[in-house]
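User: I've got a fold on my screen and a few things I'd like to talk through. Can you take my questions one by one?

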Amino acid sequence: MEFDFDAIDEEDSPFPEVRASVSNVDDPDMPALTVRMWIVGLFLCLVSGSLNVFFNFRQPAPGIVAFALLLIAHPFGKFLALVLPITTYRLPLPHLPTSWAPVPSETPLGRVPTFFRSVRTTLCTPACLEFSLNPGPWNIKEHVLVFMMANVAVTTPYALNAIVVAERYYGASASYWFALNLTISTQLIGFGIAGFTRRFLVWPASMVWPQNLVACTLLNTLHAEEEVSYDDGEDAPRPKYYMTRYKFFMIVFGGIFFWSFLPGFAFKALSYFSFICWAAPNNLPVNLFFGSASGLGMSVLTFDWAQISWIGSPLMVPWWAQVHVFVGFVLFFWILAPALYFSGAWAMWYFPFSINQPFDRYGNIYNVTRVLTADAKLDPVKYAEYSPLFLPTTYAITYLLAFALSTSVIVHTILYHGKALYAGVRRMKVEQDDIHAKLMRNYPEVPDWWYGCVFVLFFAIGIVAMEVWDTTLPVWGLLLSVLLPAVYVLPSGFIFAMTGQSITLNIIAQILPGTLLAGNPLANMIFKSYSVQILNESTGFVQDLKLGHYIKVPPRATFVAQGVATTLAAFVQVGVKYWIFGAVDDICTNNQSSQLTCPHNKVFFTASAIWGVVGPERQFGPGSMYNPVLYALLVGAILPIPFYLYQRRYPTTWVKYVSIPVLLNGCAYIPPATGLNYSSWFLVGFLFQFWIRKKAFAWWSKFNYVLSGALDTGTVFGYIFIFLTLQFPRNGELEEKVNNWWGNQVFVNTADYQGVPFKVIPEGGIPLKNWPPAS
């Protein structure tokens, strides 16, 4: 369909954040799926994806993020545009001689059908495939396709955790082909689901996707010439302090790159800037409230962008969403959590306030191996002799919020987005098209059946993996593990698209198999791998579809790039995993010489034992210590209703801006995130997303997202450089020497950093009621 571009010169998005970041013009003739795009995109994705698999098994380790590849890809693309030949190549395609398909003058049915004539014409007409290695300057559509490929392909596959844990801790044997089937099916089932959400999460203008605004700003900064017009005419001199976005980006990038050496290596106290705790290092209440490592972060200050952006860049998340997140944080972690902790509820005061590991009754990290049989099943006798599993305060609050969120997000979606869902199902417009949707009419859309075929194919591969290899997960369990993210993809997508806050199924994806397949940790891990990865991949693919929508990339080009990159990356990443484990004998041990200690896999193992071995029945069932947490399911379902009814009765009230799921979900990063990550994040968000946006909107429109991208990428490059040059060589000898001075020790010698509990556990362990449990 052709579109009149002259009619929309002045039309733009109704959202100022989008207007500040996304161009409202398009060049439909700009090539996208070029040979050089495939060269740059696949090379960077496969190399970085392989490195991330390696780093995944190391502690400490950096990670190569998609934004870093966005910057690296640009000089690669410019170089190929400079050196590749501009010749157009034509490859003749095979065709049938006309004598092989004569046209009969008549048929028993009369005239020759038009369909037969068209098929004959197609098969017998000479044709050629035309392409060029260098179709012109390196352009923004090629660049964004490389970024999309990076977004979906560089992250370490979540299913590899299940493979490693099954082999290392449960004695299972997993071949390369099983691991590949498991990995590729968990990823591309999500791809198929994502395609069916486009009319809800991609095409409507209100689905902003804040992360994409940063990417759009960076891409436009790298590709667009600064066009400035002045009242005095085009030849008027520029202001004395005029600065382009690109120059601003490079200045900030360089500054934060060099600054990261202080909080990241030479002066780490700038990162953990809990100065009040330094003055009273042994005062437990002071360290709890003002601590930056395991405390509530009321000291607020940090000079490390990695700490500030731990839960996402505060320059990217809308102000109303930041208010929701911080209000939820204050209610649940600055008020409720200390009240529970100092009252001794659930014996919390015997353990550190915030830590990401469970404890036993003696105050030690829970040793799961003490309650397992030889075949990795729960031994009730050993369990009764050892200890119940105790949760630290932040863990208990996180579970409480996760239970409430699991029902709240469904009720909220039905109440607030029910009409849009109904209209979308009936294939009616959810919203009126904005300028970006109108410009995308020039490109053929991807049919739903393409995504349907992807879903069916890779779900079938998942069934093959479950049936051919002894996974102990029945097919109905696989179906349920796929159905769970399919139900949550729209509620999660709505929140992610409007707030930049993602929702995870980690808790519910362990409770369901822990209940239905009790005492089976292998099935629990595979179920969790499918549910968590499918939801993450679905939202990731949809996010990239929206990015392509903003940059005006043909949807079918996006489909091909995403699918090919994900598939090829799975082959390489699984291969790297098997190569590492074949080459390093003592991998995943605490004293491994290259520090390949597998920290993520150990956490995954602990979770599998808690939910797959001990099980939710013992942890949260009737008579258990944490049984009251389950009431959060009911509370979460009820909470959105009064707010919805009130705003329906009074449409102009501020209550219409309240979103209960965002309030509950905002604190999902705790633990391992700490109070400092939230308080400093909100402080910076207030400065840029409220105060500067209100007082200097022109500056904010031009530079805010450029600043966010520069801080993020500069910090990543800085920490990778520190790791490769100062931490990795000689097993970190240089870092050990630097760590000895005051600036790297003052925050370590505090009760906050050392995680000192409020109460000392009595001799013989915490006294328990109704223990040991009845068999």
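User: How much area does the protein chain expose, and what share of it do carbon and sulfur atoms supply?

Analyst: Quick caveat before the numbers: this is a predicted model, where local features need pLDDT of at least 70 and side-chain atom pairs count only at pLDDT 80 or more, while totals for chains, interfaces and linings use all residues. Residues are numbered from 1 along each chain as its sequence is written, and side-chain values use heavy atoms, with hydrogens and water left out. Accessible areas come from the Shrake-Rupley method with a 1.4 Å probe, and for residues only the protein chains shown count as cover. The protein chain exposes about 34300 Å², and the share from carbon and sulfur atoms is 65%.

User: How many helices and strands are there in the protein chain?

Analyst: Both come from DSSP runs, numbered from the N terminus: helices are H or I over at least four residues, strands are E over at least two. Counted that way, the protein chain has 31 helices and 2 strands.

User: What percentage of the 775 residues is buried?

Analyst: Buried means under 20% relative accessible area, exposed means over 50%, and partly exposed is in between (1.4 Å probe, protein chains only). Of the 775 residues in the protein chain, the buried ones make up 54%.

User: Which residue does Lys 141 meet in a salt bridge?

Analyst: A salt bridge here is a side-chain nitrogen of Lys or Arg within 4 Å of a carboxyl oxygen of Asp or Glu, and this pair comes in at 2.9 Å, N to O. The two partners sit 115 residues apart, with Lys 141 in helix α5 (residues 140–153) and the other one in the loop between α1 (16–21) and α2 (35–56). Lys 141 is buried because its relative accessible area is 1%. Its partner has 15%, so that one counts as buried too, and it's Asp 26.

User: Is Glu 167 buried or partly exposed?

Analyst: Glu 167 forms a salt bridge with Lys 577, with the closest N and O atoms 2.6 Å apart. That links helix α6 (residues 159–168), home of Glu 167, to helix α23 (residues 555–583), home of Lys 577, 410 residues apart. Lys 577 is buried, at a relative accessible area of 1%. Glu 167 has 21%, so it's partly exposed.

User: Which residues are linked with Arg 198 in a network of salt bridges?

Analyst: Start with one pair: the side chains of Arg 198 and Asp 448 meet at 2.4 Å, N to O. Arg 198 lies in helix α8 (residues 198–201) and Asp 448 in helix α19 (residues 448–468), so the pair ties together parts that are 250 residues apart in sequence. Both Asp 448 and Arg 198 are buried. The network links Arg 198 with Arg 199, Glu 445 and Asp 448.

User: How many disulfides does a search of the whole structure find?

Analyst: A disulfide is a covalent bond between the sulfur atoms of two cysteines. The cut-off used is a pair of cysteine sulfur atoms within 2.5 Å. As for individual cysteines, Cys 216 is buried because its relative accessible area is 0%, whereas Cys 453 is partly exposed at 42%. The number of disulfides found in the whole structure is 0.

User: Which cysteine does Leu 547 touch?

Analyst: Leu 547 is found in helix α22 (residues 521–551), and it counts as buried because its relative accessibility is 0%. Contact means heavy atoms within 4.5 Å. Leaving aside residues up to four places away in sequence, the residues Leu 547 touches include Val 144, Phe 147, Met 148 and Cys 216.

User: Which side chain does Gln 307 join through a polar contact of 3.2 Å?

Analyst: Gln 307 lies in helix α14 and counts as buried because its relative accessibility is 7%. A polar contact is a pair of N or O atoms within 3.5 Å; within protein, one must be able to donate a hydrogen and the other to accept it, and residues adjacent in sequence count only if both atoms are side-chain atoms. The 3.2 Å contact goes to the side chain of Ser 271.

User: And what does the side chain of Lys 268 make a polar contact with?

Analyst: Lys 268 lies in the loop between α11 (261–266) and α12 (275–279). Its relative accessible area is 16%, so Lys 268 is buried. At 3.3 Å, its polar contact is with the side chain of Asn 739.
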